[in-house]
Structures are given as structure tokens and as C-alpha cells.
There are 2 protein chains.
Amino acid sequence: MTKNKSLLLDIIRAAPRHMTAEQIFLAAKEQRPGIAMATVYNNLGALVAEGLIRRLHIVGQADRYDRNIDQHEHLVCDGCGRISDEKFEDFLAELSKQVGAAVSSYELNMHYLCADCRNDQL
Amino acid sequence: MTKNKSLLLDIIRAAPRHMTAEQIFLAAKEQRPGIAMATVYNNLGALVAEGLIRRLHIVGQADRYDRNIDQHEHLVCDGCGRISDEKFEDFLAELSKQVGAAVSSYELNMHYLCADCRNDQL
DNA sequence: TTTTAGAATTAGAATTGTTCTAAAATTATT
DNA sequence: AATAATTTTAGAACAATTCTAATTCTAAAA
């Protein structure tokens, strides 16, 4: 665990929401102005490989990084783009049962309109 | 519906599996050697917008295109990369119930090892 | 302390997948 | 046939990410 790696981990853990590599890079720069984008990508990759964070893919967006490493689901507002976490109980087991094979992991992104965006439409 | 668009749609509908834009481009070239990549992207985008095909995002892979336009789930083998379809009944309604809001669509990619890859590991 | 070896970091080039642009070709309309 | 609208093309541009090779840091050994 190097200084940069732990700095990035701190940033991700302190973040109120799922950040892109670029946002993490900008945040890291405030404390270590010389840091390079490649260092950010290197360390994010390492942190993902070590299982300390998770990488998120949302259609049409850059990858985001999630401090929450438990299996969980994502709710994406198609109005404002905001992403929030959901937690379905025993979902992995449920999926394994449904497909009749051991599902090791999954990504579930659900799209909807959040309350704010629903109101704006009226 | 132009000639190229319908050619691409035919290719996707005839495909035994989910193809990338590049694979579709190569297949289209056999029947129309001069076709440009931009035409493929243009028409794939149009077909997706018209709801005639669906676009798929799998982590770490280029987008793929799916002839099956019903909401369904994907099972990705982490051994060979093969993607297969699943169909859970009333899943969208189930998700809406779970999150307490109207989910309009979702992507669910489940990872596992297919029977072949499981056997190879023994 | 210096030396050394290995790992981490850097800057920037390269790559990938995709979109954009402007001109040319095709198709449909008058 | 003339005009307009649409589609296609080739290639440039782009964004996100990965790679590369030189440099710097770190920490253990001499």
C-alpha cells in the first residue's frame, strides 16, 4: 500500500458518490499536485484487483469507482444521471437458483426517474 | 429502412451470438465490400433508437448488439467470454416493487463459468 | 551512510472504440 | 431532368484508457 494508492482509497471512501477516474484524479491533485493520470489508473486497477473497491460501468458514461465492495445494485436516474445504491437481500443466491448454475458476481443497473426529475417533468 | 440498414439488421438477426460493431462490419463487407464503419455505427445507432435491436455493455468489452429486444438478462462466462440469454418472468415489475419506484429498464449481467469451462478446470 | 534492486511514478505516445465532419453518392420528389 | 433530402463515405477527431520507457522513490544489503 503506497502513499498514492492509499490517498486514492481515502478519496473514494470519503466520496459522497461514485466518482470517475477523472474526478478522482482532480481530487488527488489537490493534495499531490504532480500526480499523473497514469498513476491514478494504475492504482485504481490495483485497488479493484485487490478487491478494495469496485469498478462500475453505466451505459454511456466513463467508468466509476465504488467504495462499497459488497454485492449490490445500482439505480441510475435517466434525468440527472445520479446513481444510488440498492441492497437486495440474498440476491446472488436467488440468481444462481434462477439460472441453475453458480453465479459468481453480477452487475445490475436499473434505470428510472428520481423524485426530483419526475417533478420537473410536470 | 435503407438497404444497408436492413442488411445490418439481417446480419444481427441471423447471428448465433451477440456481435460487436466490428464483427457486424466484417460480415457486412462480404456482401457490400465498400461499406464504411461509420455507416455501420450510424445504422446500428438508428436501429437501437427505433427499438429494433438492443445495445449491450459488458465490462471490459466493446459494445455488442442483440436481436432480442425483450427485456432479458445476460449470463457471461468468465472462462470463454461467451454470452447467453436468460429470461426471468416479470422481473421488471419485481425490481420496481423492490426499489419502490417505476424502473423503466435495466441491465443485468451475471458472471459464472459455463459447463465447458468448469470441466476444463478439473 | 552508500549501493543496489525492485517497485512506483511520470509524461507522453499509442490504442481502442466511437462519433463527427464535410464532401460525394444515392434516392426520392417535383 | 432538376431539385431536394437523405445516406454514405473517408478520414479526422475524440474520449477513455493502456502502454512505454525513462526517471524517481523506497527499503534492504553492504
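About 2000 Å² of area is buried between chain B and chain A, and carbon and sulfur atoms give 63% of that. This comes from a predicted model. As for who touches whom, 23 residues of chain B are in contact with 23 residues of chain A. Salt bridges don't feature here: the count between the two chains is 0. Polar contacts do, with 8 residue pairs found across the interface of chain B and chain A, both partners at pLDDT 80 or more. On the chain B side, helix H4 (91–99) and strand S6 each supply at least two of the residues that touch chain A. S6(B) gives the most to that side, with 8 residues.

How do the two copies sit relative to each other? In general, a rotation about an axis and a shift along it relate two copies of a chain. Here, chain B lands on chain A after a rotation of 179° with 0.0 Å of shift along the axis, at an RMSD of 0.2 Å. That is the relation of a two-fold axis. The residue of chain B that comes closest to this rotation axis is Leu108(B), whose C-alpha lies at 2.2 Å. The contact surface fits the picture: 100% of the interface residues of chain B are interface residues in chain A too, so the copies meet through the same surface.

S6(B) also has a job inside its own chain. This strand (residues 105–112) pairs with S4(B) in the parallel sense, over 4 bridges. One such pairing puts His74(B) of S4(B) with Asn109(B), its bridge partner in S6(B). S4(B) has another partner in S5(B) (residues 83–86), which is joined to S4(B) by 4 bridges and runs antiparallel to it. In that pair, Glu73(B) stands opposite Glu86(B) of S5(B). The hairpin of S4(B) and S5(B) has 5 residues between the strands, and Gly81(B) takes a positive phi near 85° there.

What about burial in S4(B)? The strand covers residues 73–77 of chain B, and 5 of the 5 are buried, so S4(B) is largely enclosed by the rest of the structure. Glu73(B), Leu75(B) and Cys77(B) point one way from the strand, while His74(B) and Val76(B) point the other way; all are buried. Put together, Glu73(B) is a buried residue that stands opposite Glu86(B), and His74(B) is a buried residue with Asn109(B) as its bridge partner.

Chain B also holds an open sheet of 3 strands in the order S1-S3-S2, with antiparallel pairing. S1(B) (19–20) and S2(B) (54–56) stand at the edges with a single partner strand each, so one side of each is left without a neighbour in the sheet. Between S2(B) and S3(B) (residues 64–66), 3 bridges make the antiparallel join. Arg54(B) stands opposite Asp66(B) of S3(B) in this pairing.

Turning to the overall make-up of chain A, there are 5 helices and 6 strands. Along the sequence, chain A reads α-β-α-α-β-β-β-β-α-β-α. The C-alpha atoms of chain A fill a box of roughly 45 × 45 × 20 Å along the principal axes. Of its 122 residues, 41% count as buried. Among contacts in chain A with a separation of 6 or more, 48% come from residues 24 or more positions apart.

Conventions:
Residues numbered from 1 in each chain as written. Chains lettered and ligands numbered in written order. Predicted model: local features only at pLDDT ≥ 70, side-chain atom pairs only at ≥ 80, totals over all residues. Heavy atoms only, no water. Buried < 20%, exposed > 50% of the residue type's maximum accessible area, 1.4 Å probe, protein only. Pairing = 2+ DSSP bridges. Least-squares fit on C-alpha atoms with pLDDT ≥ 70 in both. Contact = heavy atoms within 4.5 Å. Buried area = accessible area lost by both parts, 1.4 Å probe. Salt bridge = Lys/Arg side-chain N within 4 Å of Asp/Glu carboxyl O. Polar contact = N/O pair within 3.5 Å; in protein donor to acceptor, adjacent residues only side chain to side chain.
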